[in-house]
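Dear colleague,

I am passing on the structure below for your own work, and after it I set out what was found around the ligand and in the empty spaces of the protein. Please read it with the cut-offs in hand, which are given where each term comes up.

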Amino acid sequence: MQTVGVIGLGLMGKPMASNLLKAGFAVTVFNRSRPAMDALAAEGATAAASPAEVGRASDVVVTMVPDSPDVEAVLLGPDGVCTAAKPGTLLIDMSTIAPAAVRRIHETVASKGFRMLDAPVSGGDVGAKAGTLSIMVGGTPEDFERARPVFEAMGKTITLCGPAGAGQLVKACNQIVGALVLNAISEAIVFGRAAGVDPEIMIRVLQGGVAATRAMEVRGARMAKGDFAPGFKAAHHLKDLRIVIDEAKARGLTLPTTSSVADMLATLVREGNGTLDNSSILTMVERAAGAARAARP
Ligand code: NAP
């Protein structure tokens, strides 16, 4: 069985590493701050002192960090994975980053003798804990097959989407839908509440019909209560929508609703709320709709 390294043990990386341990992999972990490493060591992982040490110990290295500079730092930095990993080591970046950055990083690591897949995920912290993530992969069919057992420990829908960067392009599509769905749920809550509808009844009814969504199932009741513990941080969703907007621009496209939601997320982040769940977009919709926040129970 391949030895697996995991770097970045936040809301997603920690439960993903936990599921790799449960599947029987020998797992070496590294994170910027210590507590998540200690928690995983208690489950049987080996805590490394640096990304290089993870690279030295692993056949496959999974990265799950916020953005492309973080991926570049842990893979290609002075104490990065590529300074110590064996030739042929498979690097799987599961963070959400720009497709253009992916293609650049793929080329650099290939020139150093390593293999790479981009494999962003959907399913949130709930899917990460349950091991039911949807994993969208860019890279070669050979590397995809080599990674399959690792993916199967963390996800259920596992799809090779095309060459390097293709996983991130599908993830960008996912983030458009995710943002617009949260916006739609927010408008339904604001409108329903103003009209005297109990949001919990509204959500139960909608979940039985054509408006049912996974986002409403896992976040709807909490949104109605104003519980915005993350989840998926608003700042990360803004990062993702900026990736989408840049990719769209490069193709001469304007995405009007995505841009409008990105503007609301930008305000939320600018006001210091970037670590709240992305469903806190509700507070921006409330503001834009002129609904009093105090109306929430
Ligand atoms: P998160 O909770 O902010 O976790 C990021 C982790 O990376 C933190 O533990 C952080 O360490 C660590 N980190 C950052 N820079 C590092 C570095 N240079 N070296 C080592 N560790 C480093 O974020 P997340 O929600 O897990 O998201 C991770 C990625 O997955 C993002 O690209 C996000 O967009 C994507 N994603 C998230 C979700 C979701 O629902 N949360 C769903 C799909 C995709 P500290 O503990 O020191 O901060």
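In this predicted model, a polar backbone atom of proline 66 lies 2.8 Å from an oxygen atom of the ligand, a polar contact being a pair of N or O atoms within 3.5 Å, where within protein one atom must be able to donate a hydrogen and the other to accept it, and residues adjacent in sequence count only if both atoms are side-chain atoms. Serine 33 places a polar side-chain atom 2.7 Å from an oxygen atom of the ligand, and for lysine 233 a polar side-chain atom is likewise 2.7 Å from a ligand oxygen atom. Of the 900 Å² of accessible area that the ligand has on its own, the protein covers 88% (Shrake-Rupley method with a 1.4 Å probe; for residues, only the protein chains shown count as cover).

The shell around the ligand holds 25 residues, the closest being Asn31, Ser33, Pro66, Lys233 and Lys239 (a residue is near if one of its heavy atoms lies within 4 Å). Two or more residues of this shell come from each of α4 (68-76), α6 (124-130) and α11 (234-250), with helices taken as DSSP runs of H or I of at least four residues, numbered from the N terminus. Both domain 1 (3-163) and domain 2 (169-295) supply at least three residues to the shell, the bounds coming from an automatic or database domain assignment. By class, the shell has 10 nonpolar, 9 polar and 6 charged residues (Ala, Val, Leu, Ile, Met, Phe, Trp, Tyr, Cys and Pro are nonpolar, Asp, Glu, Lys and Arg charged, and the others, Gly among them, polar).

On the empty spaces, the structure holds 1 cavity of 30 Å³ or more, where a cavity is a set of points, on a 1 Å grid over the protein atoms alone, at which a 1.4 Å probe fits but cannot get out, a pocket is an open set with protein on both sides within 12 Å along at least five of seven lines, and lining residues have an atom within 4 Å of a point. The largest cavity has a volume of about 30 Å³, and its lining includes Thr96, Gln168, Lys171 and Asp240; α8 (166-194) and α11 each give two or more residues to that lining.

The second largest pocket, of about 150 Å³, is lined by residues including Leu169, Cys173, Glu247 and Arg251, and α8 gives the most to this lining, with 4 residues. The lining has 8 nonpolar, no polar and 2 charged residues.

Finally, proline 230 and glycine 231 are joined by a cis peptide bond with omega of about 5 degrees, and glycine 231 sits in the loop between α10 (214-225) and α11.

Residues are numbered from 1 along each chain as its sequence is written, and side-chain values use heavy atoms, with hydrogens and water left out. As the model is predicted, local features need pLDDT of at least 70 and side-chain atom pairs count only at pLDDT 80 or more, whereas totals for chains, interfaces and linings use all residues.

Best regards

Key. Points joined across faces, edges and corners; volume = space filled by probe spheres on them.
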